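Student: Please take one part of this model and examine it closely, following its contacts outward to whatever adjoins it. I should like each term to be given with its cut-offs.

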Amino acid sequence: GRFFLASSAGGVYAGSADPPFSAESVPEPTSAYGHLKLGQELALTETFNDRENVHTTIGRISNLHGPGQNLGKLQGLVSHLILAALSKRTMNIFVPLDTIRDFVFVEDAAETVSILITMESPPNIAVIASGEPKSLATVISQVQGVIRVKIPIAYGQHSSSNSQVSDLRMAPTIECPQLTPFPVGVKTMQLDLTARLQESNALPA
């Protein structure tokens, strides 16, 4: 049998040294969420360690973006940037513009997972990422370039920003056969969010 666990690359590598991070990098979580994900990984390994008929793969996934994200959660930078533009509401950002993240489109991540769980000898741990790091400034610029609307942003400081890592570049374990260009993913999300806001009559006049 096969067992796949979706873990968080950003969570487990938040305190790790020497990016870009690969499956061989030593995890060093700094938040409760990161410790939770690493704990799940260890529990999975211990549970199935002696079961020869079950192969486990831990997928450490970078920042997912794509249509259908839950807008009620604070996570999802790209979704909230587009939402701020469409709803004409100011978005607060509390981290430096040179903060680096790896964004992987949800369908690319799903395809990578499909490849992993159907491999004859899949790795025990895999980093699922685009391998194309972007600074926050680049993300904002590219999102605005796609949606052609200036995003109202307020920059400031918050205690929570102290736990944000400046550089979370990733080295994917396997390359996605057809990586979705970031602007294409953003456009897909814009169309999805526009339709959802129209259905709820939440778009400003």
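Tutor: Two strands are said to pair when DSSP finds at least two bridges between them. The elements themselves are DSSP runs numbered from the N terminus, helices being H or I runs of at least four residues and strands E runs of at least two. The model is a predicted one, in which local features need pLDDT of at least 70 and side-chain atom pairs count only at pLDDT 80 or more, whereas totals for chains, interfaces and linings use all residues. Residues are numbered from 1 along each chain as its sequence is written, and side-chain values use heavy atoms, with hydrogens and water left out.

The part chosen is the sheet that contains strand S1. Three strands make up this open sheet, in the order S1-S2-S6, and their pairing is parallel. Strand S1 (2-8) and strand S6 (125-128) each have a single partner strand and stand at the edges, so one side of each has no neighbour in the sheet. Neighbouring strands are turned against each other by 25° on average, direction ignored; for such angles, axes are lines fitted to C-alpha atoms, for helices over the stretch in contact, and the values run from 0 to 180 degrees between N-to-C directions. In general, strands of a sheet pair through backbone hydrogen bonds, either parallel or antiparallel.

The pairing of S1 with strand S2 (residues 55-61) is parallel and consists of seven bridges. Within it, Ser7 has Arg60 of S2 as its bridge partner. Helix H2 (residues 32-48) packs on this sheet and touches both S1 and S2, its direction making about 165° with that of S1. Contact here means heavy atoms within 4.5 Å.

Which residue of H2 touches Ser7 and Arg60? Glu41 does, and apart from neighbours within four places in sequence its contacts are Leu5, Ser7, Val12, Ile58 and Arg60. Glu41 belongs to helix H2. Its relative accessibility is 2%, so Glu41 counts as buried; the class covers values under 20% relative accessible area, with exposed set at over 50% and partly exposed in between (1.4 Å probe, protein chains only). Glu41 and Ser7 are 34 residues apart along the chain, yet their C-alpha atoms are separated by 7.5 Å. Their side chains make a polar contact at 2.6 Å, that is, a pair of N or O atoms within 3.5 Å; within protein, one must be able to donate a hydrogen and the other to accept it, and residues adjacent in sequence count only if both atoms are side-chain atoms.

Ser8 also lies in S1. With a relative accessible area of 11%, Ser8 is buried. Its contacts, not counting residues up to four places away in sequence, are Tyr33, Lys37, Arg60 and Ile61. Arg60 is therefore a contact of Glu41 and of Ser8, besides being the bridge partner of Ser7.

A further helix leads on from here. Helix H4 (residues 106-118) lies across S1 and S6 and runs at about 145° to S1. H4 also lies across S3 and S5, running at about 75° to S5.

These strands belong to another open sheet, of three strands in the order S3-S5-S7 with mixed pairing. Strand S3 (63-65) and strand S7 (133-135) are at its edges, each with a single partner strand, so one side of each lacks a neighbour in the sheet. The twist from one strand to the next averages 50°. S3 and S5 pair in the parallel sense over three bridges, and Leu64 stands opposite Val104 in S5. Strand S5 (residues 100-105) pairs with S7 in the antiparallel sense, also over three bridges; there, Ser135 of S7 is the bridge partner of Ile100. S5 is mostly covered, five of its six residues being buried.

After S7 in the sequence comes helix H5 (residues 136-147), which packs with H3 at an angle of about 45°, the axes being 11 Å apart. H3 and H5 are therefore oblique to each other, on a scale where angles under 35 degrees are roughly parallel, over 145 roughly antiparallel, 65 to 115 roughly perpendicular and the rest oblique.
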